[in-house]
Amino acid sequence: MSRTTTRTPRHTSSGYAVGRVRPLVALAWLAPALALIFGVVLFPAVMLFQASRGEYSITGLRKGDAGWANYTKVLEHPDLGTVLTNTVIWVVSVVALTIVISLGLAQFLVKNFPGRRFVRWAIIVPWAASLVITAQLFVLLYDFNYGLINHALKSVGLIETSIDFLGNDSWTMASMVLVGVFVSLPFTIFVFIAGINAIPDDVHEAAVVDGASPWQRWRQVTLPLLRPALLVATVLNVIYVFNSFPIVYTLNDRNPGYLHDTTITFMYKLAFKSQEKDVGMSAAAGVINVLLILLVVAVYLRIVNWREETR
Amino acid sequence: MSTVTRSSRPRWGLTVGGALLALAFLAPYVVMLLGSLRSSSDNKATPPSFLPKVWQWSTYADVLGDERFLAWLRTSLLVGLASTVIVILVAVPAAYMTARYTFPGRTPFLLLVLITQMFSPTALVVGLYREFFELNLINTYGALILTNAAFNLAFAVWILHGFFSSIPTEIEEAAQLDGVTRWQSLRRIMLPLILPGLVTATIFTFIAAWNEYVVALTLIIDDSKKPLTVGFRSYVTGYEQNWDQLFAASVIAVVPVVILFALIEKHLVGGLTAGSVK
């Protein structure tokens, strides 16, 4: 079934329709979805905006209107520069590494070998495990004193003394990125397996007949045909990684301040964990977060000419 | 599956590479499993040992007999199942209507769904808190169920939309000539045909809800109403460090999900493509 779908991806909007329906009939079928979207996604977004314009006490009571003061406070926050830089490094490195590694691994996993199913099952595990569990697990694996990673590196002679993966400022981001990539790989690999399987065999056979080398075949046949899968994998990963909370929050738990925070954990700490305990300011940071992700995705879709792909 | 595989001749040489790959992905979770089978102090021994000094199976009995743990498990199951049922009931008619019929507002609706995909409950958590506070739903399962259903709806609609679009229209047109209503056509003809899509959307939603963390962390106050993801962290705090129990609870939380995923592994590939087309 998936093959039929992907072989004919360019439906015109009426080509697959059974017919027209009256707007009221359509509305009845869409009403529950609209209720959920408006009630629990868009309404909280409005509430978030309202909160961002209010002045709150440290216990969360609204004291009055703040105008745009919360936004000024966020934009003038001394750590904002660090947090934004961290966010860019976090999103770009996790997504880029995930995409590149997944392309290679997916190419391997479509090959036919005994036990392939078991390997695919094993790869699912980091996806199925909750991010909190995996993050908590890595806190122990990375530990300075009793972490197995330090122990293993020392016993094979790669390092002399333990590395403080989560406490040493020059290691923290790299340690977080490693976990970020690890948990993003399964989903991305499966998107690419699906994409590669959807490429018709005859295209490859034609390239072989034409005498193309394996690298040329991959570069000039597989990669261009994987464009829709690449697009989906990139967009969804950017959204997931940008919004990712448990990894940055858990791995960075013991470090004071905002030195390794991304905009999402920065926003959360503003309301619930900092000296500020400022709901209004946190809400303003939340609004900025939503606008940032919308902007990034819109720009990306613009660059890759999204309309052409999904017409 | 065999028709889409590049080379039909299985190669044992690749199995070695596959085994190494599987090991790399499983390694942290093997450590987790072993960690659940050793004492808490053994988990913090220096230097660390890979295998437990003493195999301590009793931790599982402890955790499964712990009323707090059972309460968290109940919350996770309840929230996971309820939000999944809501998502499927809501997404199926919407996906069917947009995939099969044209009407004014169809494109804006699909755009709205696409935008919803970009909103995460984490970014909106202050807004969610305020809404549920006004509705008097703080510290209730209802708040968690509604949130998980709403934020996973977009993905389900996309996947199902892709599957519905992939069914040739002739099948339904023939049925309509026979006087079958739209509802009957959906239930009797289309749903059986898109079963793999339905399974994929169901399991995706369930797992997303099962693993949700930030909203539950913020909206739930009572320890007994917390889901597993939030609750089990209290095994390791500044005051008590029961790593063995934390790991045993994690193993119990992860295993059913891995089994669910393994069951749909075949559909997973198809489901992701169908969803990716539109």
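The expected span of a helix is 1.5 Å times one less than its number of residues. That yardstick applies to two of the helices in the legends below, which describe a predicted model.

**Figure 1. Helix α5 of chain A, residues 116–128.** The helix contains 13 residues, and its first and last C-alpha atoms are 19 Å apart, close to the expected 18 Å. Its buried residues are Val119(A), Arg120(A), Ala122(A), Ile123(A), Ile124(A), Val125(A), Pro126(A), Trp127(A) and Ala128(A).

**Figure 2. Helix α9 of chain B, residues 195–211.** With 17 residues, α9(B) reaches 24 Å between its first and last C-alpha atoms, close to the 24 Å expected at 1.5 Å a residue. Because 13 of the 17 residues of α9(B) are buried, the helix is largely enclosed by the rest of the structure. UniProt, in an unreviewed entry, lists residues 189–210 of chain B as a transmembrane region. Over residues 189–210 of chain B, the model is 95% helix and 0% strand, with the end C-alpha atoms 31 Å apart.

**Figure 3. The chain A hairpin formed by β2(A) and β3(A).** Strand β2 (residues 54–56) of chain A runs antiparallel to strand β3 (residues 62–65) of chain A, and three bridges join them. Within this pairing, Tyr56(A) is placed opposite Arg62(A) of β3(A). Five residues lie between the two strands, and Gly60(A), in the turn, has a positive phi of about 95°. The chain that carries the hairpin has 15 helices and three strands in total.

**Figure 4. Strand pairing between chain A and chain B.** Strand β1 (residues 19–20) of chain A pairs with strand β1 (residues 101–102) of chain B in the parallel sense, over two bridges. Arg20(A) stands opposite Thr102(B), a residue of β1(B). On the chain B side, the secondary structure consists of 12 helices and one strand. In order from the N terminus, the elements of chain B run α-α-α-β-α-α-α-α-α-α-α-α-α.

**Figure 5. The contact between chain A and chain B.** Chain A contributes 93 residues and chain B contributes 90 residues. On the side of chain A that touches chain B, helix α2 (residues 23–52) of chain A gives the most, with 16 residues. By class, this side of chain A has 65 nonpolar, 23 polar and five charged residues. For orientation, the C-alpha atoms of chain A fill a box of roughly 70 × 70 × 30 Å along the principal axes, while the C-alpha trace of chain B spans about 75 × 65 × 30 Å along its own.

**Figure 6. Domain 1 and domain 2 of chain B.** The domain assignment places domain 1 at residues 12–56 and domain 2 at residues 64–277. Their C-alpha centres are 31 Å apart. The contact between them draws 10 residues from domain 1 of chain B and eight residues from domain 2 of chain B. On the domain 1 side, the residues in contact divide into two nonpolar, six polar and two charged.

**Figure 7. Annotated segments of chain B.** An unreviewed UniProt entry assigns "domain: ABC transmembrane type-1" to residues 73–264 of chain B. In the model, residues 73–264 of chain B are 77% helix and 1% strand, and the end C-alpha atoms are 23 Å apart. The transmembrane regions listed by UniProt (unreviewed entry) for chain B include residues 77–97. Residues 77–97 of chain B are 100% helix and 0% strand, with end C-alpha atoms 31 Å apart.

**Figure 8. The surroundings of Leu217(B) in helix α10 (residues 214–219) of chain B.** A residue is buried if 20 or more other C-beta atoms lie within 10 Å of its own. Leu217(B) has 21 other C-beta atoms within 10 Å and is therefore buried. From Leu217(B) to Phe132(B) the C-alpha separation is 14 Å, although the two are 85 residues apart in sequence.

**Figure 9. Burial and contact range in the two chains.** Of the 311 residues in chain A, 45% are buried; of the 278 residues in chain B, 51% are buried. Among contacts in chain A between residues at least 6 apart in sequence, 70% link residues at least 24 apart. The corresponding share in chain B is 76%.

Notes. Residues numbered from 1 in each chain as written. Chains lettered and ligands numbered in written order. Predicted model: local features only at pLDDT ≥ 70, side-chain atom pairs only at ≥ 80, totals over all residues. Helix = DSSP H or I, 4+ residues; strand = E, 2+ residues; numbered from the N terminus. Buried ≥ 20, exposed ≤ 12 C-beta atoms within 10 Å, placed from the backbone. UniProt positions renumbered as here; feature names shortened; annotations may be inferred. Domains from an automatic or database assignment. Contact = placed C-beta atoms within 7 Å. Nonpolar A, V, L, I, M, F, W, Y, C, P; charged D, E, K, R; others polar. Pairing = 2+ DSSP bridges.
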